[in-house]
Amino acid sequence: MNDKHVPLRLGTRRSKLAMAQSGQVAERVRQLTGRPVELVEITTYGDTSREALAQIGGTGVFVSALRDALLAGEVDFAVHSLKDLPTADPEGLVLAAVPTREDPRDVLVARDGMTFEQLPDGARVGTGSPRRMCQLNAWARELGRRVETVPIRGNIDTRVGYVTSGELDAVVLAAAGLNRIGRSDVVTQHLDTDVVLPAPGQGALAIECSAVNTELAEALAALDDPVTRAAVTAERSLLAALEAGCSAPVGALADAGEHEHVTELRLRGVVGTTDGAELVQMSATGTLPASREEAMALGRGLATEMLAKGAAGLMGERAL
């Protein structure tokens, strides 16, 4: 890491969103290290497969090619959307930093500027996520209506295009992605987390490097936000303890409130059937975890309570 002129190679997916978020990290690493950073575009299985994410297993499909490149020494570090990471720790790699989280919420992009409450009965809402389907169907049921959730794939522009073309009444996307590519103008409603919980880790990034590259890992650690790391660790621990991959209908969010001096972390979780007929929703509050073990214990504890309330039976096939 001593040669200031040799570029650091940052492995990234090729999508517009991945390139945008990797570009933002690259700029911060340049400032931090004084070294140039070049983006190395890597195509992952999740990018080339046309199958629904739930069908191809979800977990790791956007990550493994980047990790292979790291382990092979083809790139020095990689940036992932944290919600794409499998919950198991990879051999030989270290999660060097989890920067401050973007907005974790889901958003609605609907025709005619509508909110979810204004959608007509039977409205066609696009999402490839069982987690979103489950909660949107439950919400519609509460409103005395129903929506038809339509599985979709593709990048942000493709998904928004389904609405502008009139093919769908609305789509649900992550606020963070739209913010990062400067497209938040298309949002017609930010979905309250009391109604729709995001995916574990949503809105957060993961910066990974080789475990043997200790000097780089130490430099990247300056980008770490301890509160974000504690929150996503608790969320992912809940997901792991429920034995669910990222294709399972599990939502989780740990938040520390808006106070200046954060002392508590509240973790909320939801599991349900994709039709929204049955949900198990619970929360737990603990002191702000001082270690990874404490954050994981908060997640495991809530998962145990949810399983006792019948969560296991709602997730369909359990990931083995």
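Here are some questions and answers about two helices, a pocket and a cavity in this predicted model.

Reader: How are the axes of H9 and H10 set to each other: parallel, perpendicular or oblique?
Author: Start with helix H9 (residues 226-241) and helix H10 (residues 292-308), whose axes come within 7 Å and cross at roughly 40°. Angles under 35 degrees would count as roughly parallel, and 65 to 115 as roughly perpendicular. The crossing fits neither range, so H9 and H10 are oblique to each other.

Reader: What kind of residue, nonpolar, polar or charged, makes up 11 of the contact of H9 with H10?
Author: On the H9 side, the residues that meet H10 include Ala 230, Ala 234 and Leu 238. Over in H10, Met 296, Leu 302 and Ala 303 are among those they meet. Sorting the residues of this contact gives 3 polar and 2 charged, while the 11 are nonpolar.

Reader: Which element gives the most to the lining of the second largest pocket?
Author: This pocket holds about 560 Å³ of space, and 29 residues line it, with Arg 229, Thr 233 and Arg 292 among those nearest its centre. Strand E4 (93-97), H9 and H10 each supply at least two lining residues. With 9 residues, the one that gives the most is H9.

Reader: How many charged residues are in the lining of the largest cavity?
Author: The largest cavity has a volume of about 30 Å³. Its lining includes Phe 116, Leu 119, Pro 120 and Val 147, and Arg 145 and Arg 146 belong to that lining too. Sorted by kind, the lining has 6 nonpolar residues, no polar ones, and a charged count of 2.

Methods: Residues numbered from 1 in each chain as written. Predicted model: local features only at pLDDT ≥ 70, side-chain atom pairs only at ≥ 80, totals over all residues. Heavy atoms only, no water. Axes fitted to C-alpha atoms, helices over the stretch in contact; angles between N-to-C directions. Helix = DSSP H or I, 4+ residues; strand = E, 2+ residues; numbered from the N terminus. Parallel < 35°, antiparallel > 145°, perpendicular 65-115°, else oblique. Contact = heavy atoms within 4.5 Å. Nonpolar A, V, L, I, M, F, W, Y, C, P; charged D, E, K, R; others polar. 1 Å grid on protein atoms, 1.4 Å probe; cavity = no way out; pocket = protein on both sides within 12 Å on 5 of 7 lines; lining within 4 Å. Points joined across faces, edges and corners; volume = space filled by probe spheres on them.
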